[in-house]
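Trainee: Please take me through one part of this predicted model in close detail. Start from a single residue, then work outwards to the helices at the other end of the chain.

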Amino acid sequence: MALVNDYDLVVAGLDHFFDSYPNDISVVQLAADSPVDQVVDIALYDTFGHGSPRCDAIRSLLSNPRVSKTVVYSWMLERGLIEECLASGVSGYLSKSLTAREMVAALQRIHGGETVISPTPAEKELPVGGEWPGRSEALTGREAEIIAMIAQGYSNQEIADRARLSINSVKSYIRNAYRKIDVSRRSQAVGWALEHGFSRN
């Protein structure tokens, strides 16, 4: 399996997520902002830093002859978005609320030829496993996601559209995140983000 995201920390955290299952899952490549260049059964695409899945990233994986199956890993489980990804050719759409055991079981089913879609879970702030920039500062997964999009220059409305949240929810996440990282202005948040492992990709 290859783990795909723009952030080294995110793919490394996902790699450790599977540490207890070495006989079930073999991670052969951590593709942080680079193409998958080894033959893999599954490429697991983490949407961190982009809100909704990036169409260009998914197309790249789907057209890569070294990748047998592409799976999206996200906390955004809106039916329309899932159907759009499935129509493009992905083999699964998995929730970040899954435990490592549940993830392994889902990936094994996908490898066996099934299309697996996570049911919409009860609202959860934190993904169960993995890692993300800002976690050590107590940013939740969604707060970190929004800080990542701020660092990329998106407006609050653009973040709401990409994350499929209300504008009020975005503002609430921003307020909470700013308090945790001790900033009060957007420019300070961008500066903090770039100093703490976020990027402008």
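**From one strand residue to the helix packing**

Mentor: Set aside the neighbours within four places in sequence, and Leu3 is in contact with Val11, Leu14, Asp15, Phe18, Val27, Gln29, Leu30, Ala31 and Leu44. Leu3 itself sits in strand β1, which covers residues 2-5. Is Leu3 buried or exposed? Leu3 is buried, because its relative accessible area is 0%, and the cut-off for buried is under 20%. Some of its partners can be placed. Val11 and Leu14 are among those contacts, and α1 spans 8-17. Gln29, Leu30 and Ala31 are also contacts of Leu3, and β2 spans 29-32. One further pair involves Leu3: its C-alpha atom lies 11 Å from that of Thr47, with the two positions 44 residues apart in sequence.

Now step back to the whole chain. The protein has eight helices and six strands. Read from the N terminus, the order is β-α-β-β-α-β-α-β-α-β-α-α-α-α. The radius of gyration is 16 Å, close to the 17 Å from the globule rule for 201 residues, so the protein is as compact as a globular protein of that length. Along the principal axes, the C-alpha atoms fill a box of roughly 50 × 30 × 30 Å. Of the 201 residues, 51% count as buried. Sequence separation matters here too. Take contacts between residues at least 6 apart in sequence: 67% of them join residues at least 24 apart.

Next, a loop residue. Ser20 lies between α1 and β2. Ser20 counts as exposed, because its relative accessibility is 62% and the cut-off is over 50%. Its C-alpha atom is 8.4 Å from that of Ala100, although the two residues are 80 apart in sequence.

Now the helices that end the element order. Two packed helices are described by the angle between their axes and the distance between the axes. Take α5 with α6 to begin. Helix α5 runs over residues 141-151 and helix α6 over residues 156-163. They pack at about 130°, with axes 10 Å apart. That angle makes α5 oblique to α6. The crossing of α5 past α6 is right-handed. From α5, the contact uses Ile146, Met149 and Ile150; from α6, it uses Ile159, Arg162 and Ala163. By class, that is five nonpolar residues, no polar ones and one charged.

Helix α5 also meets α8. Their axes come within 9 Å and cross at roughly 105°. The two helices are therefore roughly perpendicular. On the α5 side are Ile147, Ile150 and Ala151; on the α8 side are Arg186, Ala189, Val190, Trp192 and Ala193. The classes are seven nonpolar, no polar and one charged. Ile150 takes part in the α5 contact with α6 and in the α5 contact with α8.

Which residues join α6 to α7? Asn156, Gln157, Ile159 and Ala160 of α6 meet Ile167, Val170, Lys171 and Ile174 of α7. The α6 and α7 axes come within 9 Å and cross at roughly 110°. That makes α6 roughly perpendicular to α7. This contact divides into five nonpolar, two polar and one charged residues. Ile159 of α6 is part of the contact with α7, and Ile159 also belongs to the contact with α5.

Finish with the backbone of two loop residues. Most residues other than glycine have a negative phi. Ala138 has a positive phi of about 75°, and it is not a glycine. Ala138 falls in the loop between β6 (116-117) and α5. Ala138 counts as partly exposed, because its relative accessible area is 46%. Asp182 has a positive phi as well, near 60°, and is likewise not a glycine. Asp182 sits in the loop between α7 (167-181) and α8 (186-195). Asp182 counts as exposed, because its relative accessibility is 71%. The C-alpha atom of Asp182 is 9.3 Å from that of Trp192, a residue 10 places away along the chain. Trp192 returns us to the packing, since it is one of the α8 residues in contact with α5.

Technical notes. Residues numbered from 1 in each chain as written. Predicted model: local features only at pLDDT ≥ 70, side-chain atom pairs only at ≥ 80, totals over all residues. Heavy atoms only, no water. Helix = DSSP H or I, 4+ residues; strand = E, 2+ residues; numbered from the N terminus. Buried < 20%, exposed > 50% of the residue type's maximum accessible area, 1.4 Å probe, protein only. Axes fitted to C-alpha atoms, helices over the stretch in contact; angles between N-to-C directions. Parallel < 35°, antiparallel > 145°, perpendicular 65-115°, else oblique. Left-handed = near helix turned anticlockwise from the far one by under 90°. Contact = heavy atoms within 4.5 Å. Nonpolar A, V, L, I, M, F, W, Y, C, P; charged D, E, K, R; others polar. Rg over C-alpha atoms; globule rule 2.2 N^0.38 Å.
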